[in-house]
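Biologist: I have a structure open on my screen and would like to learn how to read it. Can we go through it together, one feature at a time?

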Amino acid sequence: MTETVVSSRKPGPQVAVLVEPPGAPTVPRRRKDSGGRLRALDGLRLVAALMVAAYHYGGRDGEVSQAWGSSPKAQFPTLHEFFAYGCLGVQVFFVISGFVICMSGWGRPLKSFFASRASRLLPAYWVAVVLVTAVFALPVVAYRAVSPSDALVNLTMLQMPLGVDRVLGVCWTLWAEVRFYALFALCVVLPGANRRRVIMFCAGWMLATVIAQNAKMPLLDIVVMPEYAPFFIGGVGLYLVHLDRRDAYGWGIVAVSWLIGQHFAVQSLWHAADAGGFSYRSSIGIVLVVTFGFVAVAAIALGWLRRANWRWLTVAGALTYPFYLVHEHLGWVVIHALHRGLGLPSAATFSLTVASMLLLAWLLNKYVEKPLTPRLRALLAKAR
């Protein structure tokens, strides 16, 4: 950054103006009402996590039926139709992630960005992998634990591309997040974030997404991940809108991302009503949930929810990630114990299972994330 003195022809004081050299990273100018931490975003994170939990507990068949003793469709005759849409909480997460990663990566060197992301993800993840593996290895638990070798590979967070059995059912979304972090780091953070570079990144990634859909090239699909890219890109566009609500390019990125994102969501999650099937998501319902994700983040980006500034929302945001990691598989164990072991009704079992997973998430946040995250961040930041 260089300083240039600009003088007026009329008598008067000289004004120092900071001028960025061409291509240099720029620090975004936030609106006055953007404030500090966006606590409403923390609350939205927890809403998305609870949506996914509702899907895993009552919106799908599979191994959770073993915990209930029957299909969740029988346990929740009406609610299961709504719970089936909870899987779209993942798409909401991806929109949030695009917003947050653009915000945290702007004006930050690559090493600091990597240290921040790794220290945020890994401590709770490592403990969750060990915890779920240990619980599933207990003789009283009906579910099969992965092999010791596969459990060790899971600690790298690379089990998905290696085709290894997963300890955590939700880890496929972390693999998508890691690929997004890598793309953003290489294309934006490494050369230095500025508005033009972010716009070109979004445009290039969206074009690659459309091409990958018909290219039939597995490697391109892995890198570009067309099914989820529009949601990450939409979140990045919403951060540009957060910086300047009149940014036409930002709004254009958001609009195109929503249009293509809903297409991929309907394509992958809709199916015709089938008496032998479980979920009956309508295409309109899928579009509405996707729209909710974009609109909710947009409301936060525009400052419409800045009054939602309660401190408990920060706590909610802190619990979201550990809750997301442990809720599915350990939730099955709790459901089995409460419903089939103690005979509690379905509604009570559902509520107590969510509460117990939130309590476990609080313990992980307090005794794992809070002490280990800053230490790991400092260690990685200092490493050469």
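Biologist: Let's begin with the empty space inside. What volume does the largest cavity have?

Modeller: The general idea is that rolling a probe the size of a water molecule over the atoms shows where empty space is left. Here we have a predicted model, and in it the largest cavity has a volume of about 40 Å³. The count of cavities of 30 Å³ or more comes to one.

Biologist: Which residues line the largest cavity?

Modeller: Look for Leu-88, Gln-91, Val-92, Val-95 and Phe-231, together with Val-289, Val-290, Gly-293 and Phe-294. Helix 14 (283–301) gives the largest share, four residues. Helix 5 also supplies at least two.

Biologist: And what classes of residue are in the lining of the largest cavity?

Modeller: Seven are nonpolar and two are polar, with no charged residues.

Biologist: Now the open kind of space. What is the volume of the largest pocket?

Modeller: About 1,100 Å³. The largest pocket is lined by 37 residues, and the closest to its centre are Arg-37, Arg-45, Val-100, Arg-120 and Gly-317.

Biologist: Which elements give two or more residues to that lining?

Modeller: They are helix 1 (39–58), helix 5 (89–105), helix 6 (110–136), helix 9 (171–189), helix 15 (311–341) and helix 16 (346–382). Helix 5 provides the largest share of the pocket lining, with nine residues. By class, the pocket lining has 18 nonpolar, ten polar and nine charged residues.

Biologist: Helix 5 has come up for both spaces. Why would you call helix 5 largely enclosed?

Modeller: For burial, the cut-off is under 20% relative accessible area. In helix 5, 16 of the 17 residues are buried, so the rest of the structure largely encloses this helix.

Biologist: How do I check the length of helix 5?

Modeller: Use the rise of 1.5 Å a residue: the 17 residues of helix 5 should span 24 Å. The C-alpha atoms at its ends are 24 Å apart, so the model agrees with the expected span. Just after the helix, have a look at Gly-107, whose phi is positive, near 75°.

Biologist: Which residues have a positive phi without being a glycine?

Modeller: Two to look up are Lys-216, with a phi of about 55°, and Met-225, with a phi of about 40°. Lys-216 sits in the loop between helix 10 (195–215) and helix 11 (218–224), while Met-225 is in the loop between helix 11 and helix 12.

Biologist: Are Lys-216 and Met-225 buried or exposed?

Modeller: Lys-216 is exposed, because its relative accessible area is 66% and the cut-off for exposed is over 50%. Met-225 has a relative accessible area of 3%, so it counts as buried.

Biologist: Let's try a residue inside a helix. What does Ile-233 contact, leaving aside its neighbours within four places in sequence?

Modeller: Ile-233 belongs to helix 12 and is buried, at a relative accessible area of 1%. Its contacts beyond those neighbours are Cys-202, Trp-205, Met-206, Ile-253 and Ser-257. Take Trp-205: it is 28 residues from Ile-233 in sequence, with 7.9 Å between their C-alpha atoms.

Biologist: What about Thr-349, and what is it in contact with?

Modeller: Thr-349 lies in helix 16 and counts as buried because its relative accessibility is 0%. Leaving aside neighbours within four places in sequence, Thr-349 touches Trp-68, Ile-335, Leu-338, His-339 and Leu-344.

Biologist: Stepping back, how many helices and strands does the chain have?

Modeller: The chain has 16 helices and two strands. Of its 384 residues, 50% count as buried. Among contacts with a separation of 6 or more, 72% join residues 24 or more positions apart.

Biologist: Last thing: where is confidence lowest and where is it highest?

Modeller: As a general rule, where pLDDT is low, the predicted coordinates should not be read in detail. The chain averages a pLDDT of 89, and 89% of the residues score at least 70. Strand 2 (residues 15–19) is lowest, with a mean of 34, and helix 12 (residues 229–243) is highest, at 98. Across residues 1–25 the pLDDT stays under 50, and the model has 29 contacts beyond four places in sequence for them. Residues 30–35 are also below 50, with 15 contacts beyond near neighbours in sequence.

Conventions. Residues are numbered from 1 along each chain as its sequence is written. This is a predicted model: local features need pLDDT of at least 70, side-chain atom pairs count only at pLDDT 80 or more; totals for chains, interfaces and linings use all residues. Side-chain values use heavy atoms; hydrogens and water are left out. pLDDT is the predictor's confidence in each residue, from 0 to 100. Contact means heavy atoms within 4.5 Å. On a 1 Å grid over the protein atoms alone, a cavity is a set of points where a 1.4 Å probe fits but cannot get out, and a pocket is an open set with protein on both sides within 12 Å along at least five of seven lines; lining residues have an atom within 4 Å of a point. Grid points are joined across faces, edges and corners, and a volume is the space filled by probe spheres set on the points. Ala, Val, Leu, Ile, Met, Phe, Trp, Tyr, Cys and Pro count as nonpolar, Asp, Glu, Lys and Arg as charged, and the others, Gly among them, as polar. The expected span of a helix is 1.5 Å times one less than its number of residues. Buried means under 20% relative accessible area, exposed over 50%, partly exposed in between (1.4 Å probe, protein chains only).
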